[in-house]
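Colleague: I would like a close look at one part of this model, the salt bridges, with enough of the surroundings to place them. Please take the pairs one at a time.

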Amino acid sequence: MDINLIMKILPFVAEAGLTTIKLAVASFMIGLAVSALLVAARFSRHFGIRAIATAYVSVMRGTPLLVQLFLVFFGTSQFGMELTPFVAGILTLGFNIGAYMSEGMRGAILSVDKGQTEAARTLGFGRFDTMRLFVLPQARPLLLRSLGVNTVILTKGTALVSTIGVVELTYSAQRFVTSTYKPFEVFGVAGAAYIIIIAVILAIARFAEASYGGATAP
């Protein structure tokens, strides 16, 4: 093992790791917004809205993320839209993970006993207040756990944006392998960086679950 090489590439891997974190954070925020809209649509009283949301989730979960990434980055240029690799990456990752997050949120909400909703409606609470004050607090532990899992999946998925030229961990490692011909050391360092990032995400998820997951309805 070439320790000197490892020490040499560490600063570059750290810089690429920051790009990976930026990708994950930006995509997570987009995914969170998309998932909230999808969940609201899936619980809508209107069949058409529910059907569109269901179809969206099916398409995003049923097609490879790499195909979606190429479609957004290369396909949009056909219609005069020039997206940078970074923007194309966060949009694709965000709208993709949003579909997965929505299923986790929906499952967490459905896990709450229907009697809670019926009791709240009997007391005169509207649909919004029932969801906000009674259902979501009880669904929170499962919801937070699902968000943590999906964030880990999202972070590992950022490696795919290397295929469109975003200089994140995987792309940076590939460049060093090309110039050094030492894939074990280079990809080993990149893998260790991913492990550190994911370990931090899991620690944050556990803290959030421990701090907020136990809340109950008033």
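Modeller: What follows goes through the charged pairs, then the setting in which they sit.

The model is a predicted one. The protein chain has 8 helices and 0 strands, and read along the sequence the pattern is α-α-α-α-α-α-α-α. Along the principal axes, the C-alpha atoms of the protein chain fill a box of roughly 70 × 45 × 20 Å. Of the contacts with a separation of 6 or more, 75% join residues 24 or more positions apart.

Now the pairs themselves. Side chains of opposite charge can pair when their charged atoms come close. The cut-off for a salt bridge here is a side-chain nitrogen of Lys or Arg within 4 Å of a carboxyl oxygen of Asp or Glu. By that rule the structure has 4 salt bridges.

One of them joins K182 and D2, with an N to O distance of 2.6 Å. K182 sits in the loop between helix 7 (169-180) and helix 8 (183-212), and D2 sits in the segment before helix 1 (3-42), so this pair ties together parts that are 180 residues apart in sequence. The side chains are not hidden from solvent to the degree that would count as buried: K182 has 32% relative accessibility and is partly exposed, and D2, at 21%, is partly exposed as well. The cut-off for buried is under 20% relative accessible area.

A further salt bridge is formed by E103 and R61, at 3.4 Å from N to O. E103 belongs to helix 4 (residues 85-110) and R61 to helix 2 (residues 47-62), so the bridge ties together parts 42 residues apart in sequence. E103 is partly exposed at 23% relative accessibility, and R61 is partly exposed at 41%. This pair does not stand alone, as R42, R61 and E103 are linked in a network of salt bridges.

R145 and E209 form another salt bridge, their closest N and O atoms being 2.5 Å apart. Here R145 is in helix 6 (residues 127-157) and E209 in helix 8, so far along the chain that 64 residues separate them, and the pair links distant parts of the chain. R145 is partly exposed, with a relative accessible area of 42%, and E209 is partly exposed at 24%.

For the charges as a whole, the protein chain carries 17 positive and 10 negative ones, and their mean positions are 7 Å apart. The accessible surface of the protein chain comes to about 12200 Å², and carbon and sulfur atoms hold 70% of that surface.

The surroundings include residues that are buried. Buried residues make up 40% of the 218 residues in the protein chain. S35, in helix 1, is buried at 0% relative accessibility. Leaving aside residues up to four places away in sequence, S35 touches G98, M101, S102 and M105. S172, in helix 7, is buried at 4% relative accessibility. With the same sequence neighbours left out, S172 touches F12 and A16.

Helix 3 (residues 65-75) is another part with buried residues, namely L65, Q68, L69, F73 and G75. Their cover includes helix 2, helix 4 and helix 6. Helix 2 and helix 4 are also the helices that hold R61 and E103.

F73 leads on to the aromatic rings. A pair of aromatic rings is described by the distance of the centres and the angle of the planes. The structure holds 3 aromatic pairs. In one of them, the rings of F73 and F74 have centres 4.9 Å apart and planes at 70 degrees, so the pair is edge-to-face. F73 is buried at 18% relative accessibility, whereas F74 is partly exposed at 46%. Ring pairs link F70, F73 and F74 into a cluster.

One last position is G165, in the loop between helix 6 and helix 7. G165 is partly exposed, with a relative accessible area of 34%. G165 and F86 are 79 residues apart in sequence, and their C-alpha atoms are 8.4 Å apart in space.

Notes
Residues numbered from 1 in each chain as written. Predicted model: local features only at pLDDT ≥ 70, side-chain atom pairs only at ≥ 80, totals over all residues. Heavy atoms only, no water. Helix = DSSP H or I, 4+ residues; strand = E, 2+ residues; numbered from the N terminus. Buried < 20%, exposed > 50% of the residue type's maximum accessible area, 1.4 Å probe, protein only. Contact = heavy atoms within 4.5 Å. Phe/Tyr/Trp six-rings, centres within 6.5 Å; stacked < 30°, edge-to-face > 60°. Areas by Shrake-Rupley, 256 points an atom, 1.4 Å probe, with all protein chains shown as cover. Lys, Arg positive; Asp, Glu negative; His and termini not counted. Charge placed at Lys NZ, Arg CZ, Asp CG, Glu CD.
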